[in-house]
Structure formats: C-alpha cells, structure tokens
Amino acid sequence: MKPVPVKKQQVLVDRLMKACGGAYSPKTRRKYFISGPQWAAAYQGQALFHAPTRQPVGFEEVIGEYSKIGIGHWVTHDSDVIPTEAMGKDEQWQIVESIKKSLKKHGLECSMVTTETFFHAVWAASPAAESPQVREYAAHRVRNTVDIGHELGAQFAVYWPGSLGYYTQGAVEETETLRWYAEALNAACERDIEVARKKKRAPLKHCLEAKPFEPQAEILLPTSDAMLAFISSGLLSHPEMVGLNPEYLHELMWGGAPRAALARALVAGKLWHFDINDGYRLKHDVDIAIGLVNPLDWLNVLVMLRSHNYKGPFNLDYKPPRTTSNSGVFAVSFPTAVDRFITLWEMAGEVMEDKIVQEAIAALKAGGPPVDTHDADAIAAAHRELLTLHELVAHRIFQILVGAHRGRTYSA
Ligand code: GCO
Ligand code: MN
Ligand code: MN
C-alpha cells in the first residue's frame with residue numbers, strides 16, 4: 001500500500017468505520033442511560049510521560065457531538081468547565097447558563113456533577129488536609145458542586161478521593177483524615193437537603209468512587225468495599241444519601257473481580273452509578289474503552305446487572321487513546337464504545353434467555369440425588385458429573401460472545 005496523504009486519512013478512517021458496520025442509530029443509543037463525560041472527550045492525551053496529542057475542546061463541541069452520536073447524558077467535573085478562580089462567583093453562573101442552553105439546544109441532560117479534588121495545587125495534601133483552611137475550601141467546593149448540580153438538573157454527584165492518602169507515612173494520621181473527609185461529604189449532603197427543599201427537587205444521590213492507586217501512592221479509601229465500610233462507619237451524618245460509583249477498571253486494578261465487587265454493592269443497596277471502561281489487572285489506570293480488553297468478563301458483568309434490573313447510569317469514563325485524533329474521538333472512539341456496550345447488553349439478554357444456560361444452571365441448583373448430608377464422600381459422588389456444567393456454561397457464554405450459538409463456525 002502507498003503512503004496515505006494527510007488529507008485522505010480522515011476519509012480512510014470514515015470509510016473503514018462504515019465498513020465495520022453494526023452501528024446502532026442515535027435513536028437506539030439514546031434509549032440507554034449512557035452518559036458521556038466532558039473530561040473524557042476533552043482529554044488531550046497528556047500524562048506524566050506524555051505530551052498532549054489532541055487540541056482542546058470545550059463543552060459546546062462535546063455536547064453537540066454527543067448529541068449527534070446519540071449519547072443522551074453529559075457529566076462534568078466543576079473544573080472541566082469553570083476556571084478555578086471563577087468557582088462560586090458570577091462568572092460561574094454565566095457559564096452554567098450557557099451550559100444549560102447548550103444542553104437544551106442539543107437535547108441532552110446533565111445526569112451527574114463531580115468535584116475535582118486532585119488537580120489543583122490546593123489539593124497537594126488532599127481535600128482532607130491538616131490545614132482547616134484547605135478543609136473549609138473543600139467543603140465550599142463540594143457545596144458549590146451541589147448547587148451547580150441542581151441548577152443543571154443532575155441526579156447524581158460523584159466523589160473520587162484519589163488524592164486522599166500519601167506518598168510518605170508519618171505526618172498523616174489516617175483516622176483523623178477519614179473523619180475530615182467525612183466532614184466534607186456531610187457538608188455536601190447538608191447543602192443538598194437545603195437546596196433540594198428550596199428547588200422542590202429530589203436530593204442528589206452522592207456516589208463514592210474508589211481507585212486503588214494513582215495519583216496518591218497510598219490511598220485511604222482504595223476499593224468499593226472500603227467505601228461501603230466508610231459509609232456505614234458512623235462518620236457520615238446522612239449515610240442513606242451516600243452510595244457507590246464503582247469503576248470497572250478500578251476494581252480490576254487491585255486484582256479484584258469487578259462482578260463480585262458489583263455484587264457486594266448490590267446486596268448493600270448501594271450500586272447507584274457505574275463508570276464503564278476496560279483495562280488490565282495490577283497496572284495503572286489505562287482507562288481503555290469498554291470491551292477492548294475483557295469482553296467476556298464484561299458480558300458476565302452485564303448479565304449480573306441485567307439480572308438485578310440495574311438500568312444505569314452507565315458512564316463512559318475512559319480515555320480515548322493518544323493515537324486517536326480529535327476527529328477520531330467523535331467519529332470512532334465514542335460511537336464504538338457505545339455500540340460495544342449496547343451489543344454486550346443485548347448479548348447479556350441472550351445469555352439470560354439461553355435454554356442451555358438456563359437448564360444447566362437449573363440442574364446445578366437442583367443438585368444430585370438425595371444422600372446422607374453428613375457424608376462428604378457421598379455428596380461429592382452424587383454431584384461428580386453434574387459439576388462439569390460449570391465449565392459448559394462458561395463455554396456457552398463464550399459461544400454467545402462470538403456468535404457461535406447462532407451457527408457461526410470456523411473451518412479448521
Ligand atoms: C479516574 C477516575 C476519574 C473519576 C472522575 C470523577 O479514572 O481516574 O475515574 O475519571 O471518575 O474524576 O470524579
Ligand atoms: Mn471513574
Ligand atoms: Mn479510571
């Protein structure tokens with residue numbers, strides 16, 4: 001193949017995208033409670049060892065492009081759209097007004113707002129730092145986010161305490177820091193109760209998001225389980241207002257099984273919001289788009305969520321790779337992420353309705369013939385053949401993933 005002239009590269013990408021086929025219509029995509037973050041689309045590809053590879057984009061463009069794709073919800077950090085120096089001031093409310101206009105014009109809703117407590121120098125010692133001034137500022141910022149959330153019509157607020165911890169031990173006393181962190185959340189909930197009453201709106205659902213490492217080395221609330229313990233620790237004045245926003249990759253990063261982490265959130269009644277993406281165990285937060293690394297695991301995750309009637313939000317919290325261009329972000333990255341999600345969601349329905357899976361699971365639950373239940377050997381013998389169904393079910397789900405259950409075969 002000849003070198004591809006710069007001018008023809010976008011045309012090539014568009015043609016091959018079309019050739020991929022299998023795209024859902026924007027109308028179909030809008031049926032799902034999927035949200036697109038401002039920060040994901042505007043991510044320029046920068047990192048500690050990486051210069052940006054893309055140009056900046058503002059909320060107008062992101063909201064407009066999400067609308068064309070069929071992503072019905074938009075979410076944002078306060079600082080994604082409001083300069084830190086304008087927080088809580090008149091300039092902030094002017095920006096919020098133009099966001100409202102933009103959302104309305106493009107038929108999108110703001111479903112979630114989140115406070116950035118990790119980027120600015122003020123958070124160097126975390127939002128729950130020793131200095132009362134930092135903590136007062138943190139309370140101000142989360143209260144302000146609650147105000148913005150109600151103004152934009154959001155239902156959720158997310159908190160990611162990735163800077164709550166330390167690089168070196170000694171100065172930070174963990175129990176004290178956790179108490180101080182709880183104070184900020186209490187401030188947010190209390191403000192929420194007030195504003196919700198005034199605006200005659202339901203209070204926001206406040207969702208904690210855990211990540212095991214990055215940007216702090218040692219993190220005080222590293223997993224969704226740690227968050228559940230924190231919620232019921234007695235430190236929160238309104239634990240009923242606080243739930244979880246697990247992120248798929250963040251559970252994988254510490255070596256956990258995302259499906260099991262979600263199960264623990266479900267049984268606690270705290271699975272309120274879900275950041276969807278993909279990546280690898282025990283590596284940094286690569287934030288790859290859903291299904292590109294672990295499609296089989298994702299299929300199983302969605303079977304669980306569908307079985308429990310979880311319908312969203314599904315927040316596309318991934319980072320388009322540095323190799324994707326500005327136009328590629330909206331032409332390839334977001335539509336394909338949404339479409340893989342929908343496909344896996346539909347497949348999860350197929351798994352649930354599959355006669356083979358159903359019969360196998362029913363048989364496992366029925367168990368073997370009655371024997372003396374005090375006799376381990378007899379029980380094991382009564383189930384020896386039946387338990388092979390575990391592996392058969394896994395194979396059947398793989399077949400559904402690759403379409404083999406519909407007769408698709410490969411020649412040897
Ligand atoms: C990450 C985190 C963030 C948070 C966001 C919301 O991957 O580092 O997921 O993207 O979701 O900051 O507070
Ligand atoms: Mn996230
Ligand atoms: Mn992440």
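**Figure 1. Who holds the manganese ion (ligand 3)?** In this predicted model, the manganese ion (ligand 3) gets its protein donors from Glu247 (OE), His250 (NE2), Asp285 (OD, listed twice) and Asp287 (OD). These donors sit 2.0 to 2.5 Å from the ion. Read along the chain, the donors of ligand 3 follow the spacing E-x2-H-x34-D-x1-D. That pattern brings in two pieces of the fold: His250 belongs to helix H10 (residues 248-253), while Asp287 is in the loop between strand S9 (274-275) and helix H12 (295-307), so the pair ties together parts that are 37 residues apart in sequence. Are His250 and Asp287 buried or exposed? His250 has 2% relative accessibility, so it counts as buried. Asp287 also comes out at 2%, and it counts as buried too. As for geometry, the six donor atoms around ligand 3 make angles of 54 to 159 degrees, and the site is irregular.

**Figure 2. Meet the other manganese ion, ligand 2.** Here the coordinating residues are Glu209 (OE), Glu247 (OE), Asp275 (OD) and Asp317 (OD), at 1.9 to 2.2 Å. Around ligand 2, six donor atoms subtend angles of 74 to 169 degrees, which makes this arrangement irregular. Why doesn't it count as octahedral? For six donors, that label needs opposite donors over 155 degrees apart and all other angles between 65 and 115, and anything else is called irregular. The spacing of the ligand 2 donors along the chain is E-x37-E-x27-D-x41-D. Glu247 lies in the loop between strand S8 (242-244) and H10, and Asp317 in the loop between strand S10 (314-315) and helix H13 (326-353), so this pair links parts that are 70 residues apart in sequence. Both Glu247 and Asp317 are buried.

**Figure 3. Two ions, one shared residue.** How far apart are the manganese ion (ligand 2) and the manganese ion (ligand 3)? They are 4.7 Å apart. Try finding Glu247 in this view: it coordinates both ions.

**Figure 4. Ligand 1 and its neighbours.** Ligand 1 has 14 residues around it, and the closest are His77, Glu209, Lys211, Glu247 and Asp317. You may recognise some of these names: Glu209, Glu247 and Asp317 also coordinate the manganese ion (ligand 2). Three polar contacts are worth a look. A polar side-chain atom of Glu247 is 2.5 Å from an oxygen atom of ligand 1. For Glu209, a polar side-chain atom lies 2.6 Å from an oxygen atom of the ligand. Lys211 has a side-chain N or O atom 2.7 Å from an oxygen atom of ligand 1. How much of ligand 1 does the protein bury? Taken alone, ligand 1 exposes 330 Å², and the protein buries 96% of that.

**Figure 5. A look at Asp78 and Arg143, two residues in helices.** Asp78 is part of helix H5 (residues 78-81). Its relative accessible area is 4%, so Asp78 is buried. Leaving out residues up to four places away in sequence, Asp78 touches Met87, Thr114, Thr115, Glu116, Arg141 and Thr145. Arg143 is in helix H7 (residues 132-152). With 25% relative accessibility, Arg143 counts as partly exposed. With the same kind of sequence neighbours left out, Arg143 touches Glu136, Ala187 and Arg191. Arg143 and Gly291 are 148 residues apart along the chain, and their C-alpha atoms are separated by 36 Å.

**Figure 6. Backbone oddities: two cis bonds and two positive phi angles.** Why bother with these spots? Most residues other than glycine have a negative phi, and most peptide bonds are trans, so exceptions catch the eye. The peptide bond from Glu214 to Pro215 is cis, with omega near -5 degrees. Pro215 is in the loop between strand S6 (205-208) and strand S7 (218-219). Another cis peptide bond runs from Gly312 to Pro313, with omega near 5 degrees. Pro313 lies in the loop between H12 and S10, and Asn309 is found in the loop between H12 and S10 as well. Asn309 is not a glycine, yet its phi is positive, about 65 degrees. Asn309 counts as exposed, at 53% relative accessibility. Ser126 isn't a glycine either, and its phi is about 80 degrees. You'll find Ser126 in the loop between strand S3 (109-114) and H7. Is Ser126 buried or exposed? Ser126 is buried, with a relative accessible area of 1%.

Technical notes. Residues numbered from 1 in each chain as written. Chains lettered and ligands numbered in written order. Heavy atoms only, no water. Donors = N, O, S within 2.8 Å, 3.2 Å for Na, K, Ca; no water. Tetrahedral: all angles 85-135°; square planar, octahedral: opposite > 155°, others 65-115°. Helix = DSSP H or I, 4+ residues; strand = E, 2+ residues; numbered from the N terminus. Buried < 20%, exposed > 50% of the residue type's maximum accessible area, 1.4 Å probe, protein only. Contact = heavy atoms within 4.5 Å. Near = heavy atom within 4 Å. Polar contact = N/O pair within 3.5 Å; in protein donor to acceptor, adjacent residues only side chain to side chain. Areas by Shrake-Rupley, 256 points an atom, 1.4 Å probe, with all protein chains shown as cover.
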